[in-house]
Amino acid sequence: MFKIKNLKRLSLKIRRHAINMTSVGKSAHVGSILSMADILAVLYGFVMSYKADDPKWPERDRFILSKGHAGAGVYAALAETGFIPLEKLRSHYQDGSDLSGHVSHKGIPGVEFSTGSLGHGLPVATGMALAAKIDNNKHNIYVLMSDGECNEGSVWEAALFAQHHKLDNLVVIIDRNRLQSIKSTEYTLSLEPFVNKWQSFGWHVVKVDGHNHQKLVDACNSIFVGKPLCIVAETIKGKGVSFMENNILWHYRSPQGEEYDAAIAELEEKNA
């Protein structure tokens with residue numbers, strides 16, 4: 001039986017790694033990583049079935065990070081769950097490292113698919129889910145997407161495909177932090193009424209607080225027979241570091257100097 005405190009501990013570790021990795025590599029998207037840290041903690045800490053010492057275990061659940069620019073968060077989760085050594089995280093975004101800025105499966109156990117160009121994760125996942133159905137396999141496919149990514153037409157084509165084939169082994173979690181690139185999602189291209197859109201495409205939809213571990217666990221367990229599941233996780237970009245929260249600056253900025261020290265200090269205090 002899982003314990004909420006263990007999931008909180010894992011999400012905190014992912015956030016610390018994110019600050020360190022983006023600072024050392026001078027890479028972007030730390031705000032995007034912090035907003036999804038709790039979702040990753042729930043998936044890797046309780047929901048998904050996998051074997052870190054056997055990453056190609058046939059019965060494993062599959063995970064795709066469609067918002068691949070936040071790949072450092074997945075690398076952190078993989079390190080904390082035993083897929084890769086923790087010390088490897090220090091090489092993130094360095095010359096010659098296989099821990100690229102956008103998540104890559106090349107040489108990284110536990111990564112199913114390389115992403116970065118938005119709108120690719122869900123189409124690939126629907127194919128994986130259909131293949132599992134055809135082969136009578138019982139594993140699930142989980143996809144973590146950004147809300148801004150839902151501007152892509154390929155997302156809605158895949159949503160139609162998933163409903164048509166009744167892919168109830170497919171779970172989409174949308175990191176609904178309402179910020180993309182340099183503006184809000186609603187300024188860029190309005191998504192609302194967002195939940196209604198997914199429902200109208202024939203999905204079972206659950207809207208939750210994306211930083212509440214128990215509610216995320218419950219949502220992941222609400223699979224509806226005959227329908228794919230969409231979890232709209234309401235999140236805060238930059239969650240966990242006060243001066244990064246809801247601040248679009250941290251879509252591209254990396255924490256350096258005093259900003260790095262302040263971020264780490266806040267995350268240390270949360271564990272006190």
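This section describes a strand and its partners, two helices, and the pockets and cavities of a predicted model.

Strand 7 spans residues 229-234. Of its 6 residues, 5 are buried, so the strand is largely enclosed by the rest of the structure. Burial here means a relative accessible area under 20%. Strand 7 has a parallel partner in strand 3 (residues 170-176), to which 6 bridges join it. In this pairing, Val172 stands opposite Cys230. Strand 6 (residues 204-209) also runs parallel to strand 7, and 6 bridges join the two. Here Asp209 stands opposite Glu234. The connection from strand 6 to strand 7 passes through helix 8 (residues 213-220). This β-α-β crossover is right-handed. In a regular strand, side chains alternate between the two faces of the sheet.

Helix 1 covers residues 4-25 and has 22 residues. The distance from its first C-alpha to its last is 31 Å. That span is close to the 32 Å expected at 1.5 Å a residue. Lys26 follows just after helix 1 and takes a positive phi of about 55°.

Ser23 and Gly257 are 234 residues apart along the chain, yet their C-alpha atoms are separated by 9.0 Å. Gly257 belongs to helix 9 (residues 257-269). With a relative accessible area of 47%, Gly257 is partly exposed. The value falls between the 20% limit for buried residues and the 50% limit for exposed ones.

Helix 1 also contributes to the largest pocket. This pocket holds about 290 Å³ of space. Its lining comprises 14 residues. Helix 1 gives the most to this lining, with 6 residues. Nearest the centre of the pocket lie Lys8, Ser11, Leu12, Arg15 and Lys270. By class, the lining of the largest pocket has 7 charged, 5 polar and 2 nonpolar residues.

The second largest pocket holds about 170 Å³. It is lined by 17 residues, and those closest to its centre are His69, Leu118, Gln180, Ser181 and His251. The lining of the second largest pocket divides into 9 polar, 5 charged and 3 nonpolar residues.

Enclosed space was examined next. The structure holds 2 cavities of 30 Å³ or more. About 120 Å³ lies in the largest cavity. Its lining has 14 residues, and Tyr50, Asp61, Phe83, Gly110 and Glu112 lie nearest the centre. By class, 7 residues in this lining are nonpolar, 5 are charged and 2 are polar.

The second largest cavity holds about 60 Å³. Residues lining it include Tyr44, Val74 and Val103. Gly110, Val111, Glu112 and Phe113 are also among its lining residues. So are Phe63, Ile64 and Leu65. Strand 1 (residues 62-65) provides the largest share of this lining, 3 residues. The lining of the second largest cavity has 8 nonpolar, 1 polar and 1 charged residues. Gly110 and Glu112 line this cavity and also lie among the residues nearest the centre of the largest cavity.

Terms used:
Residues are numbered from 1 along each chain as its sequence is written. This is a predicted model: local features need pLDDT of at least 70, side-chain atom pairs count only at pLDDT 80 or more; totals for chains, interfaces and linings use all residues. Side-chain values use heavy atoms; hydrogens and water are left out. Buried means under 20% relative accessible area, exposed over 50%, partly exposed in between (1.4 Å probe, protein chains only). Helices (H or I, at least four residues) and strands (E, at least two) are DSSP runs, numbered from the N terminus. Two strands pair if DSSP finds at least two bridges between them. A crossover is right-handed if, with the strands pointing away from the viewer, the path from the first strand over the helix to the second runs clockwise. The expected span of a helix is 1.5 Å times one less than its number of residues. On a 1 Å grid over the protein atoms alone, a cavity is a set of points where a 1.4 Å probe fits but cannot get out, and a pocket is an open set with protein on both sides within 12 Å along at least five of seven lines; lining residues have an atom within 4 Å of a point. Grid points are joined across faces, edges and corners, and a volume is the space filled by probe spheres set on the points. Ala, Val, Leu, Ile, Met, Phe, Trp, Tyr, Cys and Pro count as nonpolar, Asp, Glu, Lys and Arg as charged, and the others, Gly among them, as polar.
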